[in-house]
Amino acid sequence: MPTINVNKADLERLVNMSLSDRLIEDKFPMMGVEVEDIFEEEGNKIVQFSINPNRPDYLSVEGLARGFRGFMGIDTGLPRYDVYDSDVEIFVEENKTRPYIAFAIVKNVLIDDAVLESIINLQEKLHWAIGRDRKKLAIGIHDFDKVEAPFYYKEIKGDELKFVPLGYEEEMTPEEILEKHEKGIKYAHLIKDDRYPIILDKNGNVLSMPPIINGNLTKVTTETRNLLIDVTGTEKEAVENTLNIIVTALAERRGTIFSVKMNYINNKSEPVKYPNLNPEIKEVSPEFINKKLGLNLNIGEIISAFKKARLDAKFENGNIKVAVPAYRVDMLHEVDFAEEVAINYGYEKFAGKFPKVATIGEKNPLEKKCDNIRNIMTGLGFYEVMNLILSNQDILFKNMRIEVDENEYVEVLKPASIEHRVVRSSVMPLLLETLLINKHNELPQKIFEVGDCVIIDENESSETKCKNIKKVASAVTHPTANFNEIKSYTEALLREIGIEYELENYEHPSFITGRCAKIVNVSDGRVVGYFGELHPEVILNFGLEHPVVAFEIEIE
């Protein structure tokens, strides 16, 4: 899960009460926020929190303080944020790369070093928590007093203009930024077809080149008092939600929110004003909540719990109508409302019950087969390893020399970290990563894993359009590892589990040409696996120094 470091004194200032270490360690976990550590840093006491990915509004000290005040009963009910009209406008031209944009202004924010650090950290955490490392959306926070409205959002060519990017002193074209600036190099893959999104002010000053870098002109400092926020992206709802999270966090610093009018030039869309902080009204059944929680709460107790969760609620026509604030993006189903009641009613009040079930359990036949495979592989001299089912595109595909489209793998909507955002479709890449971690140990190294993989399933009867499959994979590395060695291990396993098979030559990008074979099940003609000598480029991509041979087989 993502972690944030919070200055304890700043947290106390926002909560408006003194907090002992013991109180923090006891109370925050009960509201769903884990306390990882409390430590001293440069004379300040720092609290490190671990935040669930479904609560991006908790990725700032302002959001945490707002939630904690409700949980403790200091401030209850829906937070109210006034949005004042401004005469600021932005003219939006058609943008195929990042079509959606939302602006807002927050004035009179007192920014010291702690506040500045909090703003920067919230921006970066939202970039990957909602923005998927800027692929889905990017955020720009600017010193509003350095620019002049109206603003313009459009696409330009890579050499059309020059500006000074954040952190630099020399002017660069957009093309040069992708080649020379560290952020440009890192996120160059997000710019496609030589189309560079750009945000300009009335005088042609560059505020931002999303999703790469802001202009140095609007850099936010401790002297800044009025902030202009832009969010651009590929998904309208994500852009709007992110803007709401940021402006409400700044409002907790006593900032005043002003709207910005969006004018769309190239289409017939009506002008829109952002931000829209109107709460969403949803209904939930009190019977559903009590059934899910195994409780017998009355209407008053349920409404009281909702108010502690910083929601508003009232009972009407047999249901409870709940007003959800604009920064809460996690309230999607009745079960989410039941969870809020559980948290704010108090987990410590729940009593455990034994289920009234009289059955005899038995191991699944597929698991029995997996256990048998584990015994066979152990008998062949292999060590079993267990890796996470989540990884990332670099490990699973790029390092393996495999080219895939985004619709060919399953990606987590709200990943806990950038390194763990793709559900693996193959076990082998994780074994190579394990070999890298153990590179310092003596050779030979022979490891295997039996585990779940997830693949796309386009079958109409598939509810999730995904399918879990079990696979076994092994990897062997030492100076003389070769095709014949992995062939003997593969055939030994196939023989022991009783599969009739044939071997055929196989061209696979991860393996050396001519030194890879596929395994064909004789009974149905289906390819169930492959093995061979890994390509030298794959070996180097994983930082290994000796030949590696490997196999991977699907377990039916």
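The legends below describe an overall view and several close-up views of a predicted model.

In this predicted model, local features are described only where pLDDT is at least 70 and side-chain atom pairs only at pLDDT 80 or more, while totals for chains, interfaces and linings use all residues. Residues are numbered from 1 along each chain as its sequence is written, and side-chain values use heavy atoms, with hydrogens and water left out.

**View 1. The whole chain, with 15 helices and 27 strands.** Helices (H or I, at least four residues) and strands (E, at least two) are DSSP runs, numbered from the N terminus. The C-alpha trace spans about 75 × 70 × 55 Å along its principal axes, and 50% of the 556 residues are buried, that is, under 20% relative accessible area, where exposed means over 50% and partly exposed lies in between (1.4 Å probe, protein chains only). Of the contacts (heavy atoms within 4.5 Å) with a separation of 6 or more, 69% join residues 24 or more positions apart.

**View 2. Helix α1, residues 8-15, and its buried face.** Lys8, Asp10, Leu11, Leu14 and Val15 are the buried residues of this helix. They line one face of α1 because, seen down the axis, they fall within an arc of 160°, the arc being that of the directions from the helix axis to the C-beta atoms. These residues pack against β1 (3-7), α2 (21-27), β3 (44-50), α3 (61-71) and α4 (113-129).

**View 3. The two ends of helix α1.** At the N-terminal end, Asn7 acts as a cap, with a side-chain oxygen 2.9 Å from the backbone nitrogen of Ala9. After the helix comes Asn16, whose phi is positive, near 70°.

**View 4. Helix α8, residues 286-293, with its buried and exposed sides.** Pro286, Ile289, Asn290 and Leu293 are buried. These four residues lie on the same side of α8 because they cover an arc of only 95° around the axis. An α-helix has 3.6 residues a turn, so residues three or four places apart point the same way. On the other side of α8, Glu287, Lys291 and Lys292 are exposed.

**View 5. The surroundings of helix α8.** The elements that cover its buried residues include the strands β15 (280-284), β16 (312-316) and β17 (319-324), together with the helices α9 (299-308) and α10 (334-345). Gly294 follows α8, and the phi of Gly294 is positive, near 70°.

Technical notes. A polar contact is a pair of N or O atoms within 3.5 Å; within protein, one must be able to donate a hydrogen and the other to accept it, and residues adjacent in sequence count only if both atoms are side-chain atoms.
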